[in-house]
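Trainee: Please take a close look at the place where the two parts of this chain meet. I would like one connected account of what is there.

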Amino acid sequence: MLIKQIPIRNNLRNYMYLLACEQTLEAIAIDPLDHAVCLQVAKDLGWSIKIVANTHHHFDHIDGNGPVIAATGAELVAHAEAMQAIPNVDRGLQAGESLSCGELVLKVMDTPGHTMSHICLYFSGNSEEKPALFCGDTLFNAGVGRCDFGGEPKILHKTFVDQIFPLPDDVRIFPGHDYIENNLEFTLDRESDNQSALSLREQFKNGLDAESFVSDIGLEREINVFFRLNEKQVRAGIASSLNVDVNSLDSQKTFIGLRSLRDNW
Ligand SMILES: [Zn+2]
């Protein structure tokens, strides 16, 4: 699979993605908000966009669909239950289905929580290439999507327990926004001695480019506080922020507590 990660540099720091089949150079455009840039990059690479895929219905993910489809004739695919919210979807996708483009095959994951109809697209990898997860606003580098625009933190926690935490460590993460530097500060606010987060923050300070940085699940287990729900310090911090007994907290309550703290942080 050929991957082009394109930072949009708007206020919301969206990423869009072009994924192409190496044999045919046919491509999938994921959430192509900046349609002009998306079309130009595809043209420069010699890739032909056959499919536009939306991870979910928020405007900053779907607003570029029209011009990309007008220019390429691409098919629009999205979560089957997002078809009312996203204009002109050609095909609704369900959990476990395959999305093919040329020889490239991605697996559709149904990952509710940020919104109730959200998909992630999973590339399972091969002998030369590590797996990859295109995760929209479900999972960010060192963070998770917020739930106050049509989502539900309890459901997002279930999505993580059932589908994200079990992923292998070598799965590369391609999220819908570049929030890593802020998110690292939140992790450090919760775990001030988190050595992996401290070291990565130092690397960004010393010039590591956040925009083209690609994390993986193994690193997320270290730097993403939403993966660290059973850590003593994280639980104690939530108990004291919420003014509850630490023994009353489980993984779900800790996750929900973290999400609500992050909303107002
Ligand atoms: Zn969103």
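Mentor: What follows goes through the boundary between the two domains, then the core, a helix and the salt bridges.

This is a predicted model, in which local features need pLDDT of at least 70 and side-chain atom pairs count only at pLDDT 80 or more, while totals for chains, interfaces and linings use all residues. Residues are numbered from 1 along each chain as its sequence is written, and side-chain values use heavy atoms, with hydrogens and water left out.

The domain assignment gives domain 1 (2-175) and domain 2 (181-263); such bounds come from an automatic or database domain assignment. The C-alpha centres of the two domains lie 25 Å apart. Across the boundary, 29 residues of domain 1 are in contact with 25 residues of domain 2, contact meaning heavy atoms within 4.5 Å. Domain 1 and domain 2 bury about 2300 Å² between them, with 57% of it on carbon and sulfur atoms. Buried area here is the accessible area (1.4 Å probe) that two parts lose on being put together, summed over both. Of the area that domain 1 buries against domain 2, 27% is supplied by Ala142, His157 and Phe165, more than any other three residues.

Polar atoms also take part. Between domain 1 and domain 2 there are 16 residue pairs in polar contact, both residues at pLDDT 80 or more. A polar contact is a pair of N or O atoms within 3.5 Å; within protein, one must be able to donate a hydrogen and the other to accept it, and residues adjacent in sequence count only if both atoms are side-chain atoms. On the side of domain 1 that touches domain 2, at least two residues each come from strand S1 (2-7), strand S11 (139-140), strand S12 (143-144), H4 and strand S13 (172-175). H4 gives the most to that side, with 6 residues. Helices (H or I, at least four residues) and strands (E, at least two) are DSSP runs, numbered from the N terminus.

The count of salt bridges between the two domains is 2, a salt bridge being a side-chain nitrogen of Lys or Arg within 4 Å of a carboxyl oxygen of Asp or Glu. Asp169 forms a salt bridge with Arg221, with the closest N and O atoms 2.7 Å apart. Asp169 lies in the loop between H4 and S13 and Arg221 in helix H7, so the pair ties together parts that are 52 residues apart in sequence. Asp169 is partly exposed at 43% relative accessible area, and Arg221 is partly exposed at 27%. Buried means under 20% relative accessible area, exposed over 50%, and partly exposed in between (1.4 Å probe, protein chains only).

Next comes the nonpolar side. A nonpolar core is a set of buried Ala, Val, Leu, Ile, Met, Phe, Trp, Tyr and Cys residues joined through side-chain atoms within 4.5 Å. The largest one has 26 residues, of which Leu133, Leu139, Phe160, Ile164, Ile217 and Leu258 touch the most other members. Strand S9 (119-123), strand S10 (132-136), helix H4 (153-164), helix H8 (232-242) and helix H9 (251-263) each supply at least two residues of this core. Both domain 1 and domain 2 give residues to the core, so it lies between them. Leaving out residues up to four places away in sequence, Phe160 touches Thr138, Leu139, Val144, Phe165, Pro166, Phe227 and Phe255.

In H5, the buried residues are Ile180, Asn183, Leu184, Phe186, Thr187, Leu188 and Arg190. Their cover includes S11, S12, H6, helix H7 (217-223), H8 and H9. Ser192 lies in the loop between helix H5 (180-190) and helix H6 (195-205). Not counting residues up to four places away in sequence, Ser192 touches Leu198 and Gln233. Ser192 and Gln233 are 41 residues apart in sequence, with their C-alpha atoms 9.3 Å apart in space.

For the wider setting, a search of the whole structure finds 12 salt bridges. One of them joins the side chains of Arg146 and Asp148 (2.7 Å, N to O); Arg146 is partly exposed at 31% relative accessibility, and Asp148 is partly exposed at 39%. Arg259 forms another with Asp263, the closest N and O atoms being 2.8 Å apart. These two residues are 4 residues apart in helix H9, about one helical turn. Arg259 is buried at 4% relative accessible area, whereas Asp263 is partly exposed at 24%. Glu191, Arg228 and Glu231 are joined into one network by salt bridges that share partners.
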